[in-house]
Structures are given as C-alpha cells and as structure tokens.
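Here is a short tour for someone who likes to know how each value was defined. Please keep the viewer open while you read.

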Amino acid sequence: TASPLRLQMWRCGAAAQKACRKTPFLRWTACWQQPTFWQLRAASAAAAVPSLRPGRRRGSGSELSPALAGLDEEPPRDVLQDLPDEDLDGHEEGDEFSMPSAGTASSQKAGPLARKMWSCARRGVRSEEVWARFAQRVVMTGTLVGPSDVSLIFLAFARIKYRDTKALDTISPFILRHIDSFSTTELVLLLNGHKKLEYERLDNIHLLLNAVCHRWEEWTGRHIALASNAVAYFYIYQPRFWRQVAMSLPRIVWSMNPLELSNLVSAMARVDRRDPRSLIIIARMCRRCAGRHLFSQETLATTMNAFAKLDFNHPRLAK
C-alpha cells in the first residue's frame, strides 16, 4: 500500500498531465514541476521515520494517540491496593491454617494486612515486589498487631518461605505478649513456621514449646508430628515434651496418617530418642498402613531409614 504523501503527489501529477493536453506551454511547465525519483524517495523516507518529520524534535512529545497519551502521566499504583481481602471464615477443610475456637481471644478478626498476606500465600503469589512491600508494612505497623495478626503474618511468610529478618524480628516479641491467646493449632504452626523459615530464635521456640506442653491433653496426631519435627530440626531435646509424646501415643497413634508417622519417627531419630514402647506402637501402625498400601515410596524409605538409625528391628516390621 502507498503512503498518503505518495498518493497526494500522484494525484497532483495526474491533474498536471491532464492540463498539459490542452496547452503546449502547460505541458512543458507541468513536466518541469513533476518531482524526480530521488525527491519521491526522500519524501517517503521522511514520512516513515518520525524523527525526520519537520517541526518535530526528538523527545519533544509522545507518539501515542490521544486516547493512550494519558497513560504515561498516570502515577504509579501500589500493587497491594488491588489485592482483595480473604474471608478466613470460609477456609477449606485440610488447609494448613484453621481458625481458632470462638472461646479464645485469638478468634478476633485479623487486620487487612494480615488477611491480604494470607490470601497471597494461599494463592501461591511469589512476587518479590509484593512480599517486599508486605515486609515493609509489617515493620511500619508492627506495634499495632494482635494475636490473630501475628499468627497469620508468620504463617504467610512460612508458607511462601520468604525470610525477611527485619520483619520477623519486629513481630517476634508479640509472640510472648499474646502467648496465652493462641490456640494449640496456632502454637504448633508457629513452631513449624520457625522450622520452615530456618529462623533460629531459641527464646521463641522454647516459649512456644512450653505452651504446647501445657496443652498436651488437646494434642492430635498432627500436633505431635509437626511439633516434634520442628523441635528436632533445631536439635532441642526437652525430656518433658518427649515424655508427654510417649503418654499421648497410645491414644493418638491409631488416627495418624503415614506422613505424620514418618515425621514423628524421623524426629525421634534426629534427636536419638530411643523409647521402645513408643517405637513398638508406631511400628504397629506403620505395618497396618503399609499393608493397605498407604505409604508412598519416599515416605516408606524415610520411615525405614529412621527405624534403622534408632537400631529398632521388630520381627514384623520387615514384613
């Protein structure tokens, strides 16, 4: 397709040739006024390159249409303002975080920042810019957080495994302040969050572990597996905790799934906890799960390796 400038010149030339046929003088004048090949080529090149147009300087303005020209002047928007709040009351069954019971102080609704962080964590948002903004806001508003805010912020960082030491140091003192307001599940998940983030703050870990031990009657198989795995990761050996685990196993072990059994045995092997009674109960449940083909290859190999580290050889375990 020809450019508009070329079409206009062609129309002028056609009109001049039409007039030449009537008068010989005009025929000579029109031929003299027709542009040459090189003039046409220079004109088409000037139309194709915007910087060569007359009256236009480089960088003097935007080349966009009037409808799009206003986008360059639009101020930058905060990426966190477009994120919707998450309705935590409608969490799905089996999610990593469960809402505390209505009788605890932690059942209060979390703030907008904590809810947005947990929403992004559940949806798998791993943008460095988003979590850097979150960490900056946690540092700025750290003195205003409540118990539900502390647990949600910590769990959001742990789920994405985004470790910002400054933000974690800001909210860590509030674990001590609200330690009595956390539910048992929140205490265990906070312990597991320290392990996921590799955040070795021993004062918080011992504090959370003592609070978990005070509520040993509320333990489930999930609580035992996560707490023992987190404690063993930091090589913390607290005899009171392991005695309560041994006391709770006869009641809880029959409801544990293969992954929880594997985590528990691996934690005992890491701290070299050799309790024959507990190991026999765990081995029975492992044999029952293996007979129903509930173990995956990785979980079964990890469990057998943990039993081998503890020098535990039950005659029925090999079957």
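The report below goes from the overall fold to three helices, a cavity and a few single residues.

**Ground rules**

This is a predicted model, in which local features need pLDDT of at least 70 and side-chain atom pairs count only at pLDDT 80 or more, while totals for chains, interfaces and linings use all residues. Residues are numbered from 1 along each chain as its sequence is written, and side-chain values use heavy atoms, with hydrogens and water left out.

**The overall picture**

The protein holds 16 helices and zero strands. Both kinds of element are DSSP runs numbered from the N terminus, with helices being H or I of at least four residues and strands being E of at least two. Of the 319 residues in the protein, 40% are buried. Here buried means under 20% relative accessible area, exposed means over 50%, and partly exposed lies in between (1.4 Å probe, protein chains only). The accessible surface comes to about 19100 Å², and 53% of that belongs to carbon and sulfur atoms. These areas come from the Shrake-Rupley method with a 1.4 Å probe, and for residues only the protein chains shown count as cover. Among contacts (heavy atoms within 4.5 Å) between residues at least 6 apart in sequence, 75% join residues at least 24 apart.

**Three helices**

The table sets out the spans; the expected value is 1.5 Å times one less than the number of residues in the helix.

| Helix | Length | First to last C-alpha | Expected span |
|---|---|---|---|
| H10 (residues 184-197) | 14 residues | 20 Å | 20 Å |
| H14 (residues 258-270) | 13 residues | 18 Å | 18 Å |
| H15 (residues 276-291) | 16 residues | 22 Å | 22 Å |

H10 is mostly covered, with twelve of its 14 residues buried. Among them are Leu-187, Val-188, Leu-189, Leu-190 and Leu-191, along with Asn-192, Gly-193 and His-194. The cover over these buried residues includes helices H7 (147-160), H8 (165-171), H9 (173-177), H11 (202-214) and H12 (221-233).

One residue of H11 gives a close-up of this region: Asn-204. Asn-204 counts as buried because its relative accessible area is 4%. Leaving aside residues up to four places away in sequence, Asn-204 touches Ser-172, Ile-175 and His-194.

In H14, the buried residues include Pro-258, Glu-260, Leu-261, Leu-264 and Met-268. H12, H13, H15 and helix H16 (297-309) are among the elements that cover the buried part of H14. H15 has its own buried set, including Ser-278, Ile-281, Ile-282, Met-285, Cys-286 and Cys-289, and its cover includes H13, H14 and H16.

Pro-276 belongs to H15 and is exposed, with a relative accessible area of 54%. From Pro-276 to Ala-246 the C-alpha distance is 10.0 Å, with their positions 30 residues apart in sequence.

**A cavity by H13**

Rolling a probe the size of a water molecule over the atoms shows where empty space is left. A cavity is a set of points on a 1 Å grid over the protein atoms alone where a 1.4 Å probe fits but cannot get out, and its lining residues have an atom within 4 Å of a point. Grid points are joined across faces, edges and corners, and the volume is the space filled by probe spheres set on the points.

The search of the whole structure finds two cavities of 30 Å³ or more. The second largest holds about 30 Å³ of space. Which residues line the second largest cavity? They are Trp-242, Val-245, Ala-246, Leu-249, Met-268, Arg-273, Asp-275 and Ser-278. Helix H13 (residues 239-252) gives the largest share of this lining, four residues. By type, the lining divides into five nonpolar, one polar and two charged residues. In that scheme Ala, Val, Leu, Ile, Met, Phe, Trp, Tyr, Cys and Pro are nonpolar, Asp, Glu, Lys and Arg are charged, and the others, Gly among them, are polar.

**Positive phi values**

Most residues other than glycine have a negative phi, and most peptide bonds are trans. Lys-161, not a glycine, has a positive phi of about 60°. Lys-161 sits in the loop between H7 and H8 and counts as exposed, at 60% relative accessibility. Glu-198 follows H10 with a positive phi near 55°. Glu-198 lies in the loop between H10 and H11 and is partly exposed, at 48% relative accessibility. Just after H15, His-293 also takes a positive phi, of about 60°.

Notes
1 Å grid on protein atoms, 1.4 Å probe; cavity = no way out; pocket = protein on both sides within 12 Å on 5 of 7 lines; lining within 4 Å.
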